[in-house]
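Trainee: I would like a close look at a single part of this model, namely its charged side chains. Please take me through them in one connected answer.

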Amino acid sequence: MKEINQELVARLREFIEDEARSCSMDPALITPEYVFRMWGGMVPIEEIEEAMKTL
């Protein structure tokens with residue numbers, strides 16, 4: 001089993017909380033593709049998908 005990057009999970013959790021606080025998006029609607037675009041494509045979408053599974 002592939003090890004989950006805990007730093008990425010923490011960053012993703014903070015991003016989702018910030019989006020919810022700003023009322024710009026319901027957290028349930030945040031997709032890996034949305035995160036990928038918002039982070040400028042700097043994190044591989046596969047890693048975002050794996051991190052989101054832990055949340």
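Mentor: What follows deals with the charged groups and then with the nonpolar core behind them.

The model is predicted, and side-chain atom pairs are counted only at pLDDT 80 or more.

Start with the pairs. Side chains of opposite charge can pair when their charged atoms come close. Over the whole structure, a search returns 2 salt bridges. One of them joins the side chains of D18 and R21, with an N to O distance of 2.8 Å. Both residues belong to helix α1, where D18 and R21 are 3 residues apart, or about one turn of the helix. D18 is partly exposed, because its relative accessible area is 34% and the partly exposed class runs between 20% and 50%. R21 has a relative accessibility of 60%, so R21 counts as exposed, the cut-off for that class being over 50%.

The salt bridge between E50 and K53 has its closest N and O atoms 3.2 Å apart. These two sit in helix α3, and because E50 and K53 are 3 residues apart there, about one helical turn separates them. At 30% relative accessibility E50 is classed as partly exposed, whereas K53, with a relative accessible area of 63%, is exposed.

Next come charges that gather without such a partner. On the surface, E33, E46, E47 and E49 form a patch of negative charge. A residue enters a patch only if it has no salt bridge and over 30% relative accessible area. E47 is partly exposed, because its relative accessibility is 32%. Helix α3, which covers residues 45–54, is the main contributor to the negative patch, giving 3 residues. E47 is one of the residues found in helix α3. Helix α3 therefore holds E47 of the patch as well as the paired residues E50 and K53.

The nonpolar side of the picture involves these helices too. The largest nonpolar core contains 14 residues, and L12, F15, I30, V35 and W39 have the most contacts inside it. Helices α1 (6–21), α2 (32–38) and α3 each supply at least two residues of this core. Helix α1 gives the most, with 5 residues.

To put the parts together by helix: α1 carries the D18 and R21 pair and is the leading supplier of the core. Helix α3 carries the E50 and K53 pair, gives the most to the negative patch, and supplies at least two residues of the core.

Notes:
Residues numbered from 1 in each chain as written. Predicted model: local features only at pLDDT ≥ 70, side-chain atom pairs only at ≥ 80, totals over all residues. Heavy atoms only, no water. Patch = residues over 30% accessible without salt bridge, like charges linked within 9 Å, V, L, I, M, F, W, Y side chains within 5 Å. Areas by Shrake-Rupley, 256 points an atom, 1.4 Å probe, with all protein chains shown as cover. Salt bridge = Lys/Arg side-chain N within 4 Å of Asp/Glu carboxyl O. Lys, Arg positive; Asp, Glu negative; His and termini not counted. Charge placed at Lys NZ, Arg CZ, Asp CG, Glu CD. Helix = DSSP H or I, 4+ residues; strand = E, 2+ residues; numbered from the N terminus. Buried < 20%, exposed > 50% of the residue type's maximum accessible area, 1.4 Å probe, protein only. Core = buried A, V, L, I, M, F, W, Y, C linked by side-chain atoms within 4.5 Å.
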